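User: Please give a close reading of one part of the model shown below, and then place that part in the context of the whole chain. A connected account, with the cut-off for each term, would be most useful.

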Amino acid sequence: MPEYYYDLHLHSCLSPCGDDEMTPANLVGMAKLLGLDVIALTDHNSCKNCPAALHWGEKLGVLVLPGMELTTSEDIHIVCLFPELRAALDFERKITEQRIKTPNRPEIFGRQLVLDGEDQLVEEVPFLLTPATAVGVFEVAELVGRFGGVCYPAHIDRDAYSAITVLGFLTPDMGFRAVELSARGWEENAWERVAPLCPEGLRRICSSDAHRLEDMREREHALVLPELTPDAVLGAIKRKI
């Protein structure tokens, strides 16, 4: 089966920590230039820029998965990926009910820009997207599954917002089938450091967590898939190694 190169953790200008130049058109265009076959847009606690990103994916020939980087009640970041846009937006509506409505201060945290398919401003989200939601780490996998998606702990090799850093371990009853190692995490022996704290058989996903165009990575990591479709990507992540 062929290999398809991926980056399944990207932020757009909707994330307050994302650069304003990370528009849907720009990030999908950069993915095309870097030779990536499939990417995921995973803004903090929101999927509002996924429609525009999927539009540009179809236009430029890059498979774009709608997603979200969810912050659990424990301040753990979880990458959530969905097979279709409708499921992602339904999930976002559910998460919006679980979020604290704290006004954003753009001069401190950054702007939160929602753009359309022409990269034109639709709205600026008024409430800060990054704070913890009411969804706990032991319930998130089941919740995401109800919307047809798959999820896994983000950047477990980092010192902040990592399940390993916050809890010290991962357990099988959390329901995760994979974990993410980040290009922005510990550089040496990352997996060797965290593997003893994780259940056996977890698939390792390595993504950039890029917030700026220059942080996006070239063709480094690939999934072996029977075909390049959202279902095939999610299916590969669900299968234990």
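The part in question is the salt bridge between Asp209 and Arg158, and the reply sets out its surroundings.

Analyst: The structure is a predicted model, in which local features need pLDDT of at least 70 and side-chain atom pairs count only at pLDDT 80 or more, while totals for chains, interfaces and linings use all residues. Residues are numbered from 1 along each chain as its sequence is written, and side-chain values use heavy atoms, with hydrogens and water left out.

In the pair under discussion, Asp209 and Arg158 form a salt bridge whose closest N and O atoms are 3.0 Å apart. Because Asp209 sits in the loop between strand S9 (203–207) and strand S10 (222–224), and Arg158 in the loop between strand S7 (150–153) and helix H6 (163–167), the bridge ties together parts that are 51 residues apart in sequence. The term salt bridge denotes a side-chain nitrogen of Lys or Arg within 4 Å of a carboxyl oxygen of Asp or Glu. Helices (H or I, at least four residues) and strands (E, at least two) are DSSP runs, numbered from the N terminus. Both partners, Asp209 and Arg158, are buried; buried means under 20% relative accessible area, exposed over 50%, and partly exposed in between, with a 1.4 Å probe and protein chains only.

Over the whole structure, the search finds 8 salt bridges. Three further residues, Arg212, Glu214 and Asp215, are linked in a network of such bridges. Arg212 pairs with Glu214 at 3.5 Å between the closest N and O atoms, and with Asp215 at 3.1 Å. In contrast to the buried Asp209 and Arg158, Arg212 is partly exposed, at 37% relative accessible area. Its partner Glu214 counts as exposed at 57%, whereas Asp215 is partly exposed at 24%.

Strand S9, which precedes the loop that holds Asp209, also contains Ser207. Ser207 is buried, with a relative accessible area of 3%. A polar atom of the Ser207 side chain lies 3.0 Å from the backbone nitrogen of Leu8. Leaving aside residues up to four places away in sequence, Ser207 touches Tyr6, Asp7, Leu8 and His9, and also Glu180, Leu181, Ser182 and Ala183. A contact here means heavy atoms within 4.5 Å.

Covalent cross-links are a separate matter. The search of the whole structure finds 0 disulfides. Cys17 is in none, and the nearest cysteine sulfur, that of Cys13, is 12 Å away. The sulfur of Cys206 is 13 Å from the closest cysteine sulfur, in Cys198, which is too far for a bond. A disulfide requires a pair of cysteine sulfur atoms within 2.5 Å. Cys17 is partly exposed, with a relative accessible area of 41%.

Two helices illustrate packing elsewhere in the chain. In helix H1 (24–33), the buried residues are Pro24, Ala25, Leu27, Val28, Gly29 and Ala31. They pack against strand S1 (3–10), S2, H2, S3 and S5. Just after H1, Gly35 takes a positive phi of about 85°. Helix H2 (residues 50–60) has Cys50, Ala52, Ala53, Leu54, Trp56 and Gly57 buried. The buried residues of H2 pack against H1, strand S2 (38–41), strand S3 (63–71), helix H3 (85–96) and strand S5 (113–115). H2 is followed by Gly61, whose phi is positive, near 80°.

Towards the end of the chain, Arg239 is found in the segment after helix H8 (230–238) and is partly exposed, at 43% relative accessibility. Arg239 and Leu202 are 37 residues apart in sequence, yet their C-alpha atoms are 8.4 Å apart in space.

For the chain as a whole, there are 8 helices and 10 strands. Buried residues make up 54% of the 241 residues. Of the contacts with a separation of 6 or more, 77% join residues 24 or more positions apart. The radius of gyration is 16 Å, which agrees with the value near 18 Å for a compact globule of 241 residues; the radius is taken over C-alpha atoms, and the globule rule is 2.2 Å times the number of residues to the power 0.38. Along its principal axes, the C-alpha trace spans about 45 × 40 × 35 Å.

Terms used
A polar contact is a pair of N or O atoms within 3.5 Å; within protein, one must be able to donate a hydrogen and the other to accept it, and residues adjacent in sequence count only if both atoms are side-chain atoms.
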